[in-house]
Protein chains: 2
Amino acid sequence: MRARQALSTPDAENRPKVTGTLLEETTTTAPATLSNKPERRFWGWGYLRDSIADDEKRKVDALLAWLGGGGAAVSEPRVGDFKLAPPRIAAPASLTSILSSSAYDRLTHCYGKSFADVARMWMREAFNAPDWVAFPRSESEIVDVLDWASRSRVAVVPFGGGTSVVGGVEAALDGETRNQYVASLSLDMERFDRVLEVDRISRAARIQAGVLGPDLESQLRESGLTLRHFPQSFQFSTLGGWIATRAGGHYATLYTHIDDFVENTRMVTPAGVIETRRLPASGAGPAPDRLVIGSEGTLGVITEAWMRLQDRPRFRASTSVRFKNMQAAVQGVRALSQSGLHATNCRLLDPAEVVFSGVGDRKSPTLVLGFESADHGVQAWMARALELVADHGGQWDAETVDREGEHRKGAAGAWRDAFIRMPYLRDETTRRGAILDTFESAITWDRFEAFYEGVLEDAGEAIARITGSQAPVSCRFTHVYPDGPAPYFTYAAIGSRDGDLRSAVAKWREIKAASNAAVVKHGGTSTHHHAIGRDHRSAYEIEVPALMRAALAGAKKVMDPAGVMNPGCLF
Amino acid sequence: MRARQALSTPDAENRPKVTGTLLEETTTTAPATLSNKPERRFWGWGYLRDSIADDEKRKVDALLAWLGGGGAAVSEPRVGDFKLAPPRIAAPASLTSILSSSAYDRLTHCYGKSFADVARMWMREAFNAPDWVAFPRSESEIVDVLDWASRSRVAVVPFGGGTSVVGGVEAALDGETRNQYVASLSLDMERFDRVLEVDRISRAARIQAGVLGPDLESQLRESGLTLRHFPQSFQFSTLGGWIATRAGGHYATLYTHIDDFVENTRMVTPAGVIETRRLPASGAGPAPDRLVIGSEGTLGVITEAWMRLQDRPRFRASTSVRFKNMQAAVQGVRALSQSGLHATNCRLLDPAEVVFSGVGDRKSPTLVLGFESADHGVQAWMARALELVADHGGQWDAETVDREGEHRKGAAGAWRDAFIRMPYLRDETTRRGAILDTFESAITWDRFEAFYEGVLEDAGEAIARITGSQAPVSCRFTHVYPDGPAPYFTYAAIGSRDGDLRSAVAKWREIKAASNAAVVKHGGTSTHHHAIGRDHRSAYEIEVPALMRAALAGAKKVMDPAGVMNPGCLF
């Protein structure tokens, strides 16, 4: 049980009294908050209670040494380090019970988790902290918030888990939007955290949008079903966030984007509530859910969705396949992608990536390959897949073919653990001035080779020029489709050695502009599963024709007449 | 070679001179047309050269006898039987080379192929014949047509193969739209009939929107690839039509809607040309293609698309499975749909449907089950599928399991042939006053039983009340998804015995209203793959929330500011 007590009222004028929650009754220094969740590290990834292990610290040291040495570690920020201006608008009396302007809440909702977000927190910069954070408990409270915001020109940023790496949750009221809004509000969906219904027959569930990945899966466990959607952000991201950003899951083929799992959506817009019909399929006009999916909080607040579920896998096989060179590896993966075998895992790591991830022989392109099923043994599938990779010179050690139940071991298991822990490590590298980041795309197979070489060259050149580092850009396929892969690029460079991360943030923005330009110049999409937000707009506006964007804006104008929903994002 | 000669100029004022094509040099009575295609039966399905076979005639007789006897056959209409009003607007001189107002062209483009469409043709009723039919040869000519139409308030109906069964291509300028338009134009895409590029590596092709199914497949044949999209209308429908209406293909699971095969689209709208980026996948904002797909000609004219292709299947297995009752059959099919086996064919026929189709033992619910692959033998898949249906009491004759290459034989082959020929037979039954029609939907498994019973009851009661017939409504699954089937209902009834099909059309409209109401009342979608057009709007407006429709209209307003694109359809 957590104690509730009154927050001290800020001394600015027009500030209503709000009540909040202290996280620990006995910890009088704990920040006041209206959140019911365990305290987060407002400046980075994870809960306050989480810490990184000694071997992880050694990994960070090794990485920094490899990069030529980072700077000294900036000290951990505390809430009191930030001087936040008082809210620019008073909250209406009817909403005070769900609105917070505590420093902790405003800081936790200031940014997502991109390099620039975390670095700015280390630098105690929170210029765009929202004036208010809303914690609605019902749709009618969301309606009230949107009504007030629309009347009062308050920008509303829907907030799920806050794991955006594209500036999707930052109310950056500058540039064109500077004079359009009087204040900003972050709308936190954490109270919408329940699985409301499970339909075992159709394998689907009605789920509230604010539920975090682990809570969603634990509520489904009793039914034996799973959403089986495991993005890297799983621990701290929400169903609503996944839908709003077209998140990509962990699985490599067939059903990969969250889009494929949506049966219906329910969304509160400033113009009213929209609930689409729950259906397995339809041909009735342009698919309504497809306008909601990927809308990134610009049309309204997704409150719940019926989602397709799956039975929990019982049969598994996985292995690692080494190829002689990247060309052979790509051909082998392409053959797999077009075979109709639908591998569960089909993650190709290029030569730089195997070094970076410490996988396989640390030099050959390596494919992490796996099959799973809840219904049938997958031997026939794996056997044919191995024939296909063998056609392209792929080699695997027979003993690494997992037996059932041993899927947590081996290369795939080790890789998965490192994958989940990566964001924790990145906070540490950021703190010491290193830029460790990723960008991603998708491209058809015919253009992949030129795309891969072109992007590696353009991005590598830009990173070297901007940071002076010569560290390579590495690539893996996160997902593969019959007509092309989703390449995911990782790079690391020193952004700053003197503890002033501002220059590192400026360099990161230059690199972001260069990688945006590179992926669209070479024919790819501006994002396969990281979304657009504010940081990918320069690529999005090249990728999607102006008339199409204007048409989407025409739809937005109907749902959000005052234009208060997540301004600056996407549109 | 076909001769070209001047059409006789109609005597109305303001009529430009147009040139056209006579189909056969020696047939002086052949209708003048600008079409390059073999002459169609403007009043019904197929080419003029096609005829129905004697055994098909016997089937029609048997059906009519079963229904209690139809009326006398109405005589075959001729172009000269119709008195068309002269075009209500003159065409601009710059467009005369691509505009036709010949009676044949106007009649061929007057309707789709629903019961009401064909019946009205038998009755020599073509009140909504377009004033002009355009045959553009290039995108710039489409731009010119849309510019003129937007300036002059001419309603534009994009026309692919004209096989709509939902009033999708009929310029019904009545009701609300009566005073908004001065005339109507049907825009025929037949000259856009080429596969422009084939990408063997990514298995994709850039294809013009006006290509008919058989021409598309024959142009792909050399590459060894196939779009593998075979709707019942295949022979006379086009790629652009499939995309505009979210057509469903012949295959039962996984990739069934055309939606899944679209890599990009290119569309000429009155506000400009939109070409989306060709990609295997993306997470960049609301999916742009998903606004184009299903737009039913209301946003613009789709001119081409990059489409995902597949290798031609080499391995096949198929069989028919009988179940004791519908409940067991549905459970068996549900297990298959959720198994991850992805059956190619998974078509369940209910007891009424097996009678109607003459399948199996003519009384047990029967599943037509098949697997196909271009990559691997499918024995393991079929073996597991048979285990699953056996769990639910399914029985099959071992010898009906096809061997490779024998897929044209057996129940599946016979069923397929009958399926393709059905529209030809329907012209004959229509001519003799029988209403033979279908309607379809999709619903989640948990609600299927109540849906099935409710729809059969509501529709059966309505058909009996409206027509006095007691013929049963039958049902099959055309497609199945992990979370639910797409049930497809067929009914037959006598609409008229006195050769006056007007009363039959009125009855058909009453039945349509009732079936629309039934599918949405019991929770289904207004259409799984027949589209909305004008005839399904009463269901669509219940299914899709008003605010969502308003948002889509907001997007349309940007692309089609004058509102000339296919008015009355969808919006």
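How many residues of domain 1 of chain A are in contact with how many residues of domain 2 of chain A? In this predicted model, 12 residues of domain 1 of chain A meet 16 residues of domain 2 of chain A. The side of domain 1 of chain A that touches domain 2 of chain A is made up of four nonpolar, six polar and two charged residues. Domain 1 of chain A covers residues 195-311 and domain 2 of chain A covers residues 315-529, and the centres of these two domains, taken over C-alpha atoms, lie 26 Å apart.

**Confidence**

The model scores ipTM 0.92 and pTM 0.93, while chain A has an average pLDDT of 91, with 92% of its residues scoring at least 70. Residues 1-31 of chain A are a stretch in which pLDDT stays under 50, and for them the model has 55 contacts beyond four places in sequence. Where pLDDT is low, the predicted coordinates should not be read in detail.

**The contact between the chains**

Chain A and chain B each bring 75 residues to their contact. On the chain B side, the elements that each supply at least two residues are β12 (272-275), α7 (289-292), α10 (379-391), α12 (445-467), β19 (474-481), β20 (484-494), α14 (537-543) and α15 (546-559). Of these, α15(B) gives the most, with 10 residues. By residue class, the side of chain B that touches chain A divides into 33 nonpolar, 26 polar and 16 charged residues.

Chain B is superposed on chain A by a rotation of 180° with 0.0 Å of shift along its axis, at an RMSD of 0.0 Å, and this is the relation of a two-fold axis. Both copies use the same surface, since 100% of the contact residues of chain B recur in chain A.

Helix α15 of chain B also holds A553(B), which is partly exposed, with 16 other C-beta atoms within 10 Å. From A553(B) to I243(B) the separation is 310 residues in sequence and 19 Å in space, C-alpha to C-alpha.

**Strand β9 of chain A and its partners**

Strand β9 of chain A (residues 204-208) is largely enclosed by the rest of the structure, because four of its five residues are buried. Strand β8 of chain A (residues 195-199) pairs with β9(A) in the antiparallel sense over four bridges, and in this pairing V195(A) stands opposite I207(A). The two strands form a hairpin with four residues between them. Strand β13 of chain A (residues 301-308) is likewise antiparallel to β9(A), to which five bridges join it, with A204(A) placed opposite R308(A).

**A sheet and a helix in chain B**

Chain B contains an open sheet of four strands in the order β4-β5-β7-β6, with mixed pairing. Its edge strands are β4 (99-100) and β6 (154-159), each of which pairs on one side only. Strand β6(B) runs parallel to strand β7 of chain B (residues 183-188), with six bridges between them, and P158(B) stands opposite L187(B) in β7(B).

Helix α3 of chain B (residues 115-122) is mostly covered, with eight of its eight residues buried. Among these buried residues are F115(B), D117(B), R120(B) and W122(B).

**Residues with positive phi**

Most residues other than glycine have a negative phi, and most peptide bonds are trans. The table gathers residues of this model at which phi is positive.

| Residue | Phi | Place |
|---|---|---|
| R203(A) | near 55° | loop between β8 and β9 of chain A |
| R124(B) | about 60° | just after α3(B) |
| N566(B) | about 40° | segment after α15 of chain B |

Is R203(A) buried or exposed? R203(A) has 25 other C-beta atoms within 10 Å and is therefore buried, although its place is in the turn of the hairpin formed by β8(A) and β9(A). N566(B) is also buried, because 30 other C-beta atoms lie within 10 Å.

Notes
Residues numbered from 1 in each chain as written. Chains lettered and ligands numbered in written order. Predicted model: local features only at pLDDT ≥ 70, side-chain atom pairs only at ≥ 80, totals over all residues. Domains from an automatic or database assignment. Contact = placed C-beta atoms within 7 Å. Nonpolar A, V, L, I, M, F, W, Y, C, P; charged D, E, K, R; others polar. Least-squares fit on C-alpha atoms with pLDDT ≥ 70 in both. Buried ≥ 20, exposed ≤ 12 C-beta atoms within 10 Å, placed from the backbone. Pairing = 2+ DSSP bridges. pLDDT = per-residue confidence, 0-100.
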